[in-house]
Amino acid sequence: MKSVNNNIYEQVYNSQEDPSLLSKVAVVTVVLVPRGILVAGFNAAKELLTIHFTGYNKTKPIWEINFFEHIFFQEPLLAAREKVKGVFFCSNKNMVVPEALYDEAEAKKWLQHIHFLEKKDVIESYVIEEDKSQYMLAMPVEITELVKINFKKATTLPLPVYHFNNTSKQSLYMQCFITAEQVCATLHNYSQLLWHRVFDYNSAEDIAFEIRQLCMENNISPSKISLRCNTISAAEYDVVNELSQYFPGLRAGNGRSLSSRWDGAIYLSQQLLACV
């Protein structure tokens with residue numbers, strides 16, 4: 001990890017030592033999270049070549065528009081806008097509504113009732129075909145407009161779409177996406193969606209507590225949960241490693257073991273690419 005200044009830091013993963021690696025990038029995906037952005041580059045065969053993550057600390061607002069605008073114009077992987085095929089948002093202001101009960105106007109009222117929305121937040125809805133429901137989230141309008149202006153041909157989706165698209169045919173299957181500040185967690189029982197939430201944390205113990213609380217509320221034994229975790233960067237490896245003490249069977253999002261610091265971000269990028 002390289003510190004750009006006191007507030008901003010960068011991490012870079014390259015699949016190989018090759019000075020011409022960036023020239024081989026044909027497809028790009030982008031992940032926007034509070035105080036951070038991940039950009040992944042793939043070749044024409046959709047093999048992952050590189051990951052660039054840039055984040056900033058809590059001294060600045062959660063969605064600092066100047067930071068994201070700067071990255072959009074300075075990040076080498078984003079120089080060719082037409083290569084960006086997917087942009088994924090992660091927001092803790094979200095709600096899942098069964099399709100049979102969905103009414104757009106009423107659903108927006110409920111989202112505003114459940115979460116505190118800023119005046120400049122915009123609500124977006126996405127169809128989750130696998131769970132026959134609508135996924136709603138709120139994001140700052142400056143961020144969504146910045147994406148629309150810069151990546152006109154990209155598909156925009158909520159990050160947990162890969163949780164819903166890649167459900168395992170097994171019981172009590174929980175998928176987690178972990179950043180420096182938040183966890184996006186989704187629990188399925190075979191094909192049935194049981195629980196979804198994005199929450200803040202300070203330590204692996206906080207994440208374990210949240211999962212155990214869920215288990216207690218639903219009369220589920222924590223030992224029966226199959227936990228799969230991806231990360232936004234290499235920095236969250238230690239959190240996942242600590243979390244494995246509470247859930248010994250913990251694996252990466254694709255079911256493989258997490259053997260290196262970048263595995264969580266690598267598997268995340270590969271799973272997101274399959275969604276666009």
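**Close-up views of the predicted model**

**View A. E142, partly exposed at 31% relative accessibility, and its partner K120.** The structure shown is a predicted model. E142 and K120 make a salt bridge, and their closest N and O atoms are 3.5 Å apart. This pair links distant parts of the chain, 22 residues apart: E142 sits in helix α3 (residues 141-150), and K120 belongs to the loop between α2 and β8 (121-128). With a relative accessibility of 55%, K120 counts as exposed. Side chains of opposite charge can pair when their charged atoms come close.

**View B. A salt bridge inside helix α2, between K109 and E106.** Here the closest N and O atoms of K109 and E106 are 3.6 Å apart. Helix α2 spans residues 104-114 and holds both partners, which are 3 residues apart, or about one turn of the helix. How accessible is E106? Its relative accessible area is 40%, so E106 is partly exposed. If you would like to look for further pairs, a search of the whole structure finds 9 salt bridges.

**View C. R261 and D238 join in a salt bridge.** The closest N and O atoms of R261 and D238 are 3.2 Å apart. R261 lies in the loop between β15 (251-252) and α7, whereas D238 is in helix α6, so the pair ties together parts that are 23 residues apart in sequence. R261 counts as partly exposed at 39% relative accessibility, and D238 is also partly exposed, with a relative accessible area of 37%. Keep R261 in mind for the next view, as this residue is among those that line the largest cavity.

**View D. The largest cavity, with a volume of about 40 Å³.** A search of the whole structure finds 1 cavity of 30 Å³ or more. Which residues line the largest cavity? They are C229, T231, Y237, V240, L258, S260, R261, D263 and G264. At least two residues of this lining come from each of β14 (226-231), α6 (237-243) and α7 (263-273). By type, the lining has 4 nonpolar, 3 polar and 2 charged residues. Rolling a probe the size of a water molecule over the atoms shows where empty space is left.

**View E. The largest pocket, with a volume of about 420 Å³.** The lining of this pocket is made up of 21 residues. Nearest its centre are I62, W63, N92, K93 and P140. Which element gives the largest share of the lining? Strand β9 (residues 133-140) does, with 3 residues. The lining of the largest pocket includes 9 charged residues, along with 8 nonpolar and 4 polar.

**View F. The hairpin of β8 and β9.** The two strands pair in the antiparallel sense, and 8 bridges are found between them. In this pairing, I128 stands opposite S133 of β9. The hairpin has 4 residues between its strands, and K132 takes a positive phi near 50°. Strand β9 also appears in the pocket view, where this strand supplies 3 residues of the lining.

**View G. An open sheet of 5 strands with mixed pairing.** The strand order is β13-β12-β11-β14-β15. Which strands are at the edges? These are β13 (192-200) and β15, each of which pairs on one side only. Strand β12 (residues 182-189) is antiparallel to β13, with 8 bridges between them. L187 and W195 of β13 stand opposite each other. In a regular strand the side chains alternate between the two faces of the sheet.

**View H. Cysteines in a structure with 0 disulfides.** C184 is in no disulfide, and the nearest cysteine sulfur, that of C90, is 4.8 Å away. Is C184 buried or exposed? With a relative accessible area of 1%, C184 is buried. Why does C215 have no bond to C176? The closest cysteine sulfur to that of C215 is in C176, 11 Å away, which is too far for a bond. C215 also counts as buried, at 1% relative accessibility. A disulfide is a covalent bond between the sulfur atoms of two cysteines.

Note on methods. Residues are numbered from 1 along each chain as its sequence is written. This is a predicted model: local features need pLDDT of at least 70, side-chain atom pairs count only at pLDDT 80 or more; totals for chains, interfaces and linings use all residues. Side-chain values use heavy atoms; hydrogens and water are left out. On a 1 Å grid over the protein atoms alone, a cavity is a set of points where a 1.4 Å probe fits but cannot get out, and a pocket is an open set with protein on both sides within 12 Å along at least five of seven lines; lining residues have an atom within 4 Å of a point. Grid points are joined across faces, edges and corners, and a volume is the space filled by probe spheres set on the points. Ala, Val, Leu, Ile, Met, Phe, Trp, Tyr, Cys and Pro count as nonpolar, Asp, Glu, Lys and Arg as charged, and the others, Gly among them, as polar. A disulfide is a pair of cysteine sulfur atoms within 2.5 Å. Buried means under 20% relative accessible area, exposed over 50%, partly exposed in between (1.4 Å probe, protein chains only). A salt bridge is a side-chain nitrogen of Lys or Arg within 4 Å of a carboxyl oxygen of Asp or Glu. Two strands pair if DSSP finds at least two bridges between them.
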